[in-house]
Amino acid sequence: MAKNKVKNTAARIQLDRREKPGFFKRFIMVFESLFIVSITAALIWSTRIVDVPEFVIKLSSNQQQWRLDDIITHVSIAVLGLLVLLTRYSFYLRKKMKRQFVAEDEIKRLAFFDSLTNLPNKELCQNRLDHAVARAARNNTSIAVLFIGIDDFKGINEQQGHDGGDKLLQQVAKRLSSELRSGDTLARITGVEFLIILEAASAKNNVNTFAEKILLKLAKCYQISMQEVYITGNVGIALYPSDGEHGKELMKNADTAMCFAKEKGPNSLAFFSKDLQEQVNTKKKIAEQLLGAIDRDELLLHYQPIIATQSNEIIAVEALLRWHNGVLGDLAPDVFIPIAEEIGIITKIGDWVLDQACLQNKIWQRQGYPKIVMSINMSVMQLGIINYAGTVSTSLEETRLEPQYLELEFTENTLMKDAKKSIVQLRQLSALGVSIALDDFGTGYSSIKYLSKFKLNKLKIDGCFIKNIPESAGDVMTTRAIIALAKQLKLHITAEGVETAAQREFMAISHVDSMQGYHFSRPVDAKAFEQLLQSPSWM
């Protein structure tokens with residue numbers, strides 16, 4: 001209720017700003033009324049000076065020649081004047097009422113419709129959904145609620161400007177509207193989120209087909225300012241009555257399904273389910289506990305050695321984040337890292353990892369162990385920080401670790417998220433003297449054009465290619481091709497996931513520079529890693 005009042009007030013302010021009539025125009029009715037009242041008052045006051053009855057008798061006696069037609073003429077003129085005055089006021093009142101109706105319609109439009117797309121907004125959509133649920137309950141029919149989200153719209157705004165982004169949203173609204181039946185509702189819920197209400201929805205398969213059609217429609221090319229633009233989206237679906245008995249519940253569950261579809265990848269759809277709700281609840285618990293993990297000293301680093309292929313010595317170590325929570329127990333990084341990115345604390349965690357890893361490497365050096373390179377995995381959000389090189393430089397200064405003993409690992413997908421920005425950031429980091437590694441190579445979508453422009457020092461072959469070597473001829477060919485590419489680019493090559501002696505032998509004859517994997521050691525804590533530095537088990 002309070003929201004509606006605020007919206008109505010805002011709408012009135014917009015109307016007032018748009019019209020801005022002059023002072024006299026705004027109060028013309030008052031001035032005219034005062035004028036008429038003044039004349040009437042003057043006539044009444046004049047009766048104190050002039051004896052009106054005597055004046056009338058005298059006038060009538062002097063006008064004995066007046067005929068009936070003269071009297072009718074004078075009376076008619078007076079009546080005509082009165083009619084003109086009444087007609088003028090009638091038109092004025094009608095115009096005033098029309099303006100009022102238009103203003104009220106405008107207020108309603110601004111309060112319940114999106115000004116950019118002219119689609120119903122969230123409030124009106126919620127109202128229509130509640131009515132649709134009531135009708136479905138009476139008629140024993142079903143409803144499908146489709147929550148549609150557009151991916152990476154920030155990038156569109158940066159490339160095309162806000163005007164281009166607005167034009168794109170208008171085209172999206174037009175495309176979605178063209179797929180609806182009469183009686184269905186399309187609404188714009190937030191900036192890049194839309195909702196469709198399909199009343200009397202048929203079988204689940206038909207709803208699935210409709211959602212796939214929507215995704216295909218969204219993915220087609222858009223023309224914005226003479227440029228071709230492509231977007232991706234995701235659809236979450238909730239059904240009445242199985243997924244909720246109220247409008248708000250259906251909308252919330254459809255939103256939940258849409259978030260799950262996003263995790264599956266671009267242009268995906270997902271139906272809400274109880275299992276999905278359990279996953280959401282678990283994710284929420286993890287997010288709540290993760291917020292205080294650093295303050296509760298629950299995070300720790302484990303270390304996995306990286307072995308030189310020819311000498312079998314430890315030349316580097318990869319720092320791997322671990323989390324033990326008193327409520328949830330031990331959680332794997334692939335579980336909590338995406339959640340940390342989603343809730344916006346990954347940069348805080350990343351800074352903690354950077355400081356701890358640099359400090360630990362310096363401690364080992366002071367203890368007299370051979371100097372090795374500390375390798376740290378980086379998040380896409382860290383790469384997006386302006387002047388992240390300054391953060392790295394500060395950490396190196398505070399821990400007094402020389403930059404050549406720090407290596408930052410980025411995945412293909414991280415760098416290719418915005419390749420041009422990545423090139424700038426990597427050059428700044430490389431200027432510090434730290435090493436840059438491309439992790440999980442072969443699993444993403446790196447462009448050779450950009451690969452040669454990145455300031456890389458090392459390429460790490462993903463373990464999925466190593467796993468079936470030497471049995472899989474295809475993996476052998478792929479791995480050799482990656483090695484050949486890295487050699488051409490003059491990059492240090494590290495093979496991840498080496499677990500058997502046969503794989504180790506293959507890497508040696510393939511001239512891979514270094515290896516890491518369970519064949520040598522699992523990730524261990526700092527104390528156990530010191531034992532490996534003293535007496536390696538694979539020597």
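# A tour from helix H9 to strand S16

Start by selecting Asp255, which lies in helix H9, spanning residues 247-264. The model on screen is predicted. Asp255 has a relative accessibility of 27%, so it counts as partly exposed. Now add Phe272: it is 17 residues from Asp255 in sequence, and the two C-alpha atoms are 8.9 Å apart.

**The whole chain**

Zoom out and colour by secondary structure. The protein chain holds 21 helices and 16 strands. It has 539 residues, and 41% of them count as buried. Its exposed surface comes to about 30500 Å², with 56% supplied by carbon and sulfur atoms. Among contacts with a separation of 6 or more, 68% are between residues 24 or more positions apart.

**Cysteines**

Select Cys221 and Cys259. Cys221 counts as partly exposed because its relative accessibility is 25%. Cys259 is at 38%, and therefore also counts as partly exposed. How many disulfides does a search of the whole structure find? The number is zero.

**The five-stranded sheet**

Next, show strands S1, S2, S3, S6 and S7. They form an open sheet in the order S2-S3-S1-S6-S7, and the pairing is mixed. Strand S2 (185-190) and strand S7 (268-271) are the edges; each has a single partner strand, so one side of each has no neighbour in the sheet. On average, neighbouring strands here are turned by 20 degrees against each other, direction ignored.

Stay at the S7 edge. Strand S6, residues 233-240, pairs with S7 in the parallel sense through four bridges. To see one of these positions, pick Asn234 and its bridge partner in S7, Ser268.

What packs on this sheet? Select helix H6, residues 122-139. H6 touches strand S1 (143-150), S2, strand S3 (193-199) and S6, and its direction makes about 20 degrees with that of S3.

**Two nonpolar cores**

Turn to the side chains. In soluble globular proteins, nonpolar side chains tend to be buried together. In this model the largest nonpolar core has 78 residues, of which Leu406, Leu429 and Phe529 touch the most other members. Helix H12 (residues 346-366) contributes the most to this core, with eight residues.

Centre the view on Leu429. Beyond its neighbours within four places in sequence, Leu429 is in contact with Tyr388, Ala389, Val392, Leu408, Phe410, Val434 and Ile436. A second core, separate from the one around Leu429, has 32 residues, including Ala201, Phe210, Ala211 and Leu269.

**Thr309 and its contacts**

Select Thr309, in the loop between strand S8 (299-308) and strand S9 (314-325). Is Thr309 buried or exposed? Its relative accessibility is 8%, so Thr309 counts as buried. Show what surrounds this residue: leaving aside neighbours within four places in sequence, Thr309 is in contact with Met507, Ala508, Val512, Asp513, Ser514 and Met515.

**Strands S14, S15 and S16**

Two of those contacts, Ser514 and Met515, lead to the last stop, strand S16 (residues 514-515). S16 pairs with S15 in the parallel sense over two bridges. Thr494 has Ser514 in S16 as its bridge partner. Strand S15 (residues 492-495) also runs parallel to strand S14 (residues 458-461), joined to it by four bridges. Finish on Leu459, which stands opposite Ile493 in S15.

Notes:
Residues are numbered from 1 along each chain as its sequence is written. This is a predicted model: local features need pLDDT of at least 70, side-chain atom pairs count only at pLDDT 80 or more; totals for chains, interfaces and linings use all residues. Side-chain values use heavy atoms; hydrogens and water are left out. Buried means under 20% relative accessible area, exposed over 50%, partly exposed in between (1.4 Å probe, protein chains only). Contact means heavy atoms within 4.5 Å. Accessible areas come from the Shrake-Rupley method with a 1.4 Å probe; for residues, only the protein chains shown count as cover. A disulfide is a pair of cysteine sulfur atoms within 2.5 Å. Two strands pair if DSSP finds at least two bridges between them. Axes are lines fitted to C-alpha atoms, for helices over the stretch in contact, and angles run from 0 to 180 degrees between N-to-C directions. A nonpolar core is a set of buried Ala, Val, Leu, Ile, Met, Phe, Trp, Tyr and Cys residues joined through side-chain atoms within 4.5 Å.
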